[in-house]
2 protein chains.
Amino acid sequence: MSSDWQDPPTELQETFTLRMRGLGSRTVLFQQQVAASLGLYNNDFLAVDVLHEKGPITAGELSKLTGLTTGSVTALIDRLEKNGFVRRQPDPNDRRKVILVPLYENKQEVGDTYMPLHAAMIQLAASYSEEELMLINQFLAQASMVLENQIDRLNQARGRTST
Amino acid sequence: MSSDWQDPPTELQETFTLRMRGLGSRTVLFQQQVAASLGLYNNDFLAVDVLHEKGPITAGELSKLTGLTTGSVTALIDRLEKNGFVRRQPDPNDRRKVILVPLYENKQEVGDTYMPLHAAMIQLAASYSEEELMLINQFLAQASMVLENQIDRLNQARGRTST
């Protein structure tokens, strides 16, 4: 059994956390700029992004995923529906439920805003060998899982405080 | 001269952009959870993060970096100063200027919120060989630069629209 991870971090590991943090700030800034250029609130746009990734979900699920209250989510969905970013429709598997269907890719302006980023990221990916890119992809999956666990942790901590 | 990047993206490259997007959403969600658990608005917390990365800057620079209007930034700094996240002080290099000094690391609760993420990221970094981590670090710097260019592009596009 290895206890390596309890050793003091190496310089390379510290550089790694700094770079992750730098990438994180830029990601948040980029999302804010995208939201602003589409005339949306930040939370609204994030919800569009979450919907796009998770596919049709209920308002309750969206509330849980974004950490927004049910009331905020209802107002948010009203705004997004009005602007043509989502559609409310009955769940085909359970007609008593209403699900939110993202109309994301239909929005030309969203596509236009993301296209240059997508092209630049493909170009970045193309600068690596297949073997290197496999490592990077594996790393990105791992890093996502770390963040997901941390989101759950904070969610639970907030749940404990508010009950 | 290679024109590889104009080829249709490979499956590995498409996976890469999807994973980057997934990591991006989780980053934004995590930041929102952190902001919520500290009782801050999202923009406010982002500003704290930007200040921490860039070090002391003027309100004008913060406005440019966050894409917020000067008026919004003034109100934001008032809130952050009141909560002990930043301090306004005269620029030692130019006493006519006021700079914003982050008091970030002094806030025990911010540290407590980030500590588990930092530990989990160090643990993730430790799961890679030195050579692999060097590649990942190089990749993170490149990806940050791509995002920075995209933020500039959107900023400029908004500038053109509003004049």
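These notes describe the interface of chain A and chain B, then one residue of chain A.

1. This is a predicted model, in which local features need pLDDT of at least 70 and side-chain atom pairs pLDDT 80 or more, while totals for chains, interfaces and linings use all residues. Residues are numbered from 1 along each chain as written, chains are lettered from A and ligands numbered from 1 in the order written, and side-chain values use heavy atoms, without hydrogens and water.

2. Chain A and chain B each give 74 residues to the contact (heavy atoms within 4.5 Å). About 7400 Å² is buried between the two chains, with 70% of this area given by carbon and sulfur atoms. Buried area is the accessible area (1.4 Å probe) that two parts lose on being put together, summed over both.

3. Two salt bridges are found across the interface (a side-chain nitrogen of Lys or Arg within 4 Å of a carboxyl oxygen of Asp or Glu). B:Arg26 forms a salt bridge with A:Glu148, and their closest N and O atoms are 2.3 Å apart.

4. On the side of chain A that touches chain B, helix 1 of chain A gives the largest share, 24 residues. Helices are DSSP runs (H or I) of at least four residues, numbered from the N terminus.

5. A:Gln31 lies in helix 1 of chain A. This residue is buried, at a relative accessible area of 9% (buried means under 20%, exposed over 50%, partly exposed in between; 1.4 Å probe, protein chains only).

Terms used:
Helices (H or I, at least four residues) and strands (E, at least two) are DSSP runs, numbered from the N terminus.
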